[in-house]
Amino acid sequence: DTADLAALISAWVEATKMIKDDLIQEIAEKHDLSRYLSAQIVQTLLDKIVDGLIKDSRVELRRFGIFKTKSQAARVITLPSGKKIKRPAQKVITFTPGAQ
């Protein structure tokens, strides 16, 4: 389902915020750009990756890596308390680093 995939990708992007600010700062300094412009560049790149994953389930950035979505089947998982619950099928994002 596209809405679930969009939510998953959005969560992934949110999780990258810890390094996103560092990346924005480094681009701004290295290329003598304002932090605002640098942030727009980084956000545009992330948005394009998200759009590509939603549309095609695969985004390849040559010499960097490949982002893909992958389906995981429903299964029963055991919680630390010993209780077993059913986990529904879901999609996950995977990343494979490219050749350097």
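The following exercises, each with a worked solution, concern a predicted model.

**Exercise 1. Helix α3**

Task: Determine what span helix α3 reaches from its first C-alpha to its last, and on which side of α3 its buried residues lie.

Solution.

Step 1. Helix α3 comprises residues 35-56, which amounts to 22 residues. From its first C-alpha to its last, α3 reaches 31 Å, close to the 32 Å expected at 1.5 Å a residue.

Step 2. The residues of α3 that count as buried are Ser38, Val42, Leu46, Ile49, Val50, Gly52 and Leu53. Around the axis they cover an arc of only 160°, which places them on the same side of α3.

Step 3. Turned away from this buried side is a face that carries the exposed residues Tyr36, Lys48, Lys55 and Asp56.

Step 4. After α3 comes Ser57, with a positive phi near 65°.

**Exercise 2. The hairpin of β1 and β2**

Task: Establish how strands β1 and β2 are joined, and which residue of their hairpin takes a positive phi.

Solution.

Step 1. Strand β1 covers residues 58-61, and four bridges join β1 to β2. The two strands run antiparallel.

Step 2. One bridge partner can be named: Arg58 is matched with Lys68 in β2.

Step 3. Three residues stand between the strands of this hairpin, in which Arg63 has a positive phi near 65°.

**Exercise 3. Salt bridges**

Task: State how many salt bridges the whole structure holds, and identify which residues are linked in a network.

Solution.

Step 1. The search of the whole structure yields three salt bridges.

Step 2. Arg35 pairs with Asp21, and the closest N and O atoms of this salt bridge are 3.8 Å apart. The cut-off for a salt bridge is 4 Å, so this distance satisfies it. Because Arg35 belongs to helix α3 and Asp21 to helix α2 (residues 17-30), the pair ties together parts that are 14 residues apart in sequence. Arg35 is partly exposed at 41% relative accessibility, and Asp21 is likewise partly exposed, with a relative accessible area of 42%.

Step 3. Glu60 and Arg58 form a salt bridge through their side chains, at 2.9 Å from N to O. Glu60 counts as partly exposed at 36% relative accessibility, as does Arg58 at 39%.

Step 4. The side chain of Glu60 also meets that of Arg62 in a salt bridge, at 3.0 Å from N to O. Arg62 is exposed, with a relative accessible area of 69%.

Step 5. Salt bridges thus link Arg58, Glu60 and Arg62 in a network.

**Exercise 4. Aromatic pairs**

Task: Give the count of aromatic pairs, and determine which residues ring pairs link into a cluster.

Solution.

Step 1. A pair of aromatic rings is described by two quantities, the distance of the centres and the angle of the planes.

Step 2. The count comes to three aromatic pairs. In the pair of Phe64 and Phe67, the ring centres lie 6.4 Å apart and the planes meet at 35°, so this pair is tilted.

Step 3. Phe64 is partly exposed, with a relative accessible area of 44%, whereas Phe67 is buried at 6%.

Step 4. Phe67 also forms a tilted aromatic pair with Phe95, with 4.7 Å from centre to centre and 45° between the planes. Phe67 is in strand β2 (residues 65-72) and Phe95 in strand β5, 28 residues apart, and the pair links these distant parts of the chain. Phe95 is partly exposed, with a relative accessible area of 37%.

Step 5. Phe64, Phe67 and Phe95 are therefore linked into a cluster by ring pairs within the 6.5 Å cut-off.

**Exercise 5. The surroundings of Pro97**

Task: Decide whether Pro97 is buried or exposed, and find which residues Pro97 is in contact with, leaving aside its neighbours within four places in sequence.

Solution.

Step 1. Pro97 is placed in strand β5, which covers residues 90-97.

Step 2. The relative accessibility of Pro97 is 59%; the residue therefore counts as exposed, the threshold being over 50%.

Step 3. With its neighbours within four places in sequence set aside, Pro97 is in contact with Phe64 and Gly65.

Step 4. The C-alpha atoms of Pro97 and Phe67 are separated by 8.8 Å, although these residues are 30 residues apart along the chain.

How values were computed:
Residues numbered from 1 in each chain as written. Predicted model: local features only at pLDDT ≥ 70, side-chain atom pairs only at ≥ 80, totals over all residues. Heavy atoms only, no water. Expected span 1.5 Å × (residues − 1). Buried < 20%, exposed > 50% of the residue type's maximum accessible area, 1.4 Å probe, protein only. Arc of directions from axis to C-beta. Contact = heavy atoms within 4.5 Å. Phe/Tyr/Trp six-rings, centres within 6.5 Å; stacked < 30°, edge-to-face > 60°. Pairing = 2+ DSSP bridges.
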